[in-house]
Amino acid sequence: MAILEIHDLTREFTRRGSAFPAVDHVNLTIDTGEFVAIVGRSGNGKSTLLNLVTGLLSPTSGTVRVDGHVVGSLNDRDMARLRNRTIGFVTQSATLLANLTVLDNVILPAVMLGEPAADGNDDDTPSVRHATQDTTATPATDPDMPDVIAPAEADATTEDALTRRARTLLDALQVSDLADCYPKELSGGEMRRVSIARALMNRPKLLIADEPTGDLDADSTAIVMRLLRQTADAGTAVLMVTHDPDALGYVDRTYRMDRGVLTTA
Ligand SMILES: Nc1ncnc2c1ncn2[C@@H]1O[C@H](COP(=O)(O)OP(=O)(O)OP(=O)(O)O)[C@@H](O)[C@H]1O
């Protein structure tokens, strides 16, 4: 099932009075459980494409559908809900809230809209999908990693259950010892791993990751990439932009972005 459908998508910017396409007639479909990478030199439109997918930018022409919804056609409330519940976004820049601890930053998406998120009763939540979808499929398991892709606990809306899930994610990314720290006390790579935990908190159907291994050493890169692979195997569609050759060994398909044009790598 297609989770992300990009159709003939173009976004122009104007520089020194002349318009140019930063994203140029891009087509891309990502199904449930697929892990797709986009590579390409700096300034070739990769971040612009991700910002169009998450609705932070509007297209000049073309459409983006996420889980069947045309991004841009939704009202503010439904767009906020789609961003919070359906999409997980690991941005390039640090976006953790400075006045919250690491643990509270990770839990935040689950309590943000004031309604149950990572529970087992909301048909829109990915947790239901993970729990019920294709029971014949056996996700790849890794004995070295905590089970962060397991179905949500039945009563996962309680503070305890949210805390447990957040701690499990931090543990999987090997930053659980930082749970009570504040963002200013973290290194760039630690902040990146906390951001990944936060993006996975609501079990998104679509995970967007802009250079998720950007500040990481080889060991941390392997930890992050195994977790993203495991997340895809459990049913999440993953779209990652990367400059990291080590990351490409984990993906199903790789595309190249060259002056806004997307081609198979
Ligand atoms: N708001 C804007 N106004 C004008 N031009 C912009 C704007 N945002 C981005 N651009 C231009 O669009 C092009 C694509 O930028 P984008 O950030 O998408 O590239 P990128 O491939 O993600 O680069 P990097 O790998 O360095 O992050 C660049 O030439 C950039 O200068």
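His-25 lies in strand β2, which covers residues 18–31. The model in which His-25 appears is a predicted one. The phi angle of His-25 is near 50°, a positive value in a residue other than glycine. With a relative accessibility of 47%, His-25 counts as partly exposed, because this value falls between the limits of 20% for buried and 50% for exposed.

From His-25 the reader may turn to Asp-8, a residue of strand β1, which spans residues 2–15. Leaving aside neighbours within four places in sequence, Asp-8 is in contact with His-25, Val-26, Asn-27, Ser-61 and Gly-62. Asp-8 is partly exposed, and its relative accessible area is 33%. Asp-8 can also be set against Thr-231: the two are 223 residues apart in sequence, and their C-alpha atoms are 28 Å apart in space.

The structure holds 1 aromatic pair. This pair is formed by Phe-13 and Phe-20, whose ring centres are 6.3 Å apart and whose planes make an angle of 50°, an arrangement classed as tilted. Phe-13 counts as partly exposed, at 26% relative accessibility. Phe-20 is likewise partly exposed, with a relative accessible area of 27%.

The wider setting of these residues is a protein with 7 helices and 10 strands. Of its 265 residues, 50% count as buried. Among the contacts between residues at least 6 apart in sequence, 73% join residues at least 24 apart.

The interior comes next. In soluble globular proteins, nonpolar side chains tend to be buried together. The largest nonpolar core of this protein has 39 residues, of which Phe-35, Leu-170, Leu-186, Val-194, Leu-228 and Met-240 touch the most other members. Two or more residues of this core come from each of β3 (35–39), α3, α5 (159–172), α6, β7 (206–210), α7 (218–233) and β8 (237–241). Among the elements, α6 gives the most to this core, with 6 residues. Apart from this core lies another, of 28 residues, including Ile-6, Val-26, Met-79 and Met-257.

One member of the largest core, Leu-170, may be followed in detail. When residues up to four places away in sequence are not counted, Leu-170 touches Val-102, Leu-103, Val-106, Val-175, Ser-176, Ala-179, Val-194 and Ala-197. Val-194, one of these partners, is also among the core residues that touch the most other members.

Gln-174 is found in the loop between α5 and α6. Although Gln-174 is not a glycine, its phi is positive, at about 60°. Gln-174 is exposed, because its relative accessible area of 52% is over the limit of 50%.

The last feature to consider is the largest pocket, which has a volume of about 500 Å³. Its lining consists of 20 residues, and Arg-83, Ile-87, Phe-89, Met-112 and Arg-198 lie nearest the centre of the pocket. Helices α2 (76–86), α3 (102–111) and α6 (188–200), together with strand β6 (87–90), each supply at least two residues of the lining. By class, the lining has 11 nonpolar, 7 polar and 2 charged residues. Helices α3 and α6 thus appear both in the lining of this pocket and in the largest nonpolar core.

Note on methods: Residues numbered from 1 in each chain as written. Predicted model: local features only at pLDDT ≥ 70, side-chain atom pairs only at ≥ 80, totals over all residues. Heavy atoms only, no water. Phe/Tyr/Trp six-rings, centres within 6.5 Å; stacked < 30°, edge-to-face > 60°. Buried < 20%, exposed > 50% of the residue type's maximum accessible area, 1.4 Å probe, protein only. 1 Å grid on protein atoms, 1.4 Å probe; cavity = no way out; pocket = protein on both sides within 12 Å on 5 of 7 lines; lining within 4 Å. Points joined across faces, edges and corners; volume = space filled by probe spheres on them. Helix = DSSP H or I, 4+ residues; strand = E, 2+ residues; numbered from the N terminus. Nonpolar A, V, L, I, M, F, W, Y, C, P; charged D, E, K, R; others polar. Core = buried A, V, L, I, M, F, W, Y, C linked by side-chain atoms within 4.5 Å. Contact = heavy atoms within 4.5 Å.
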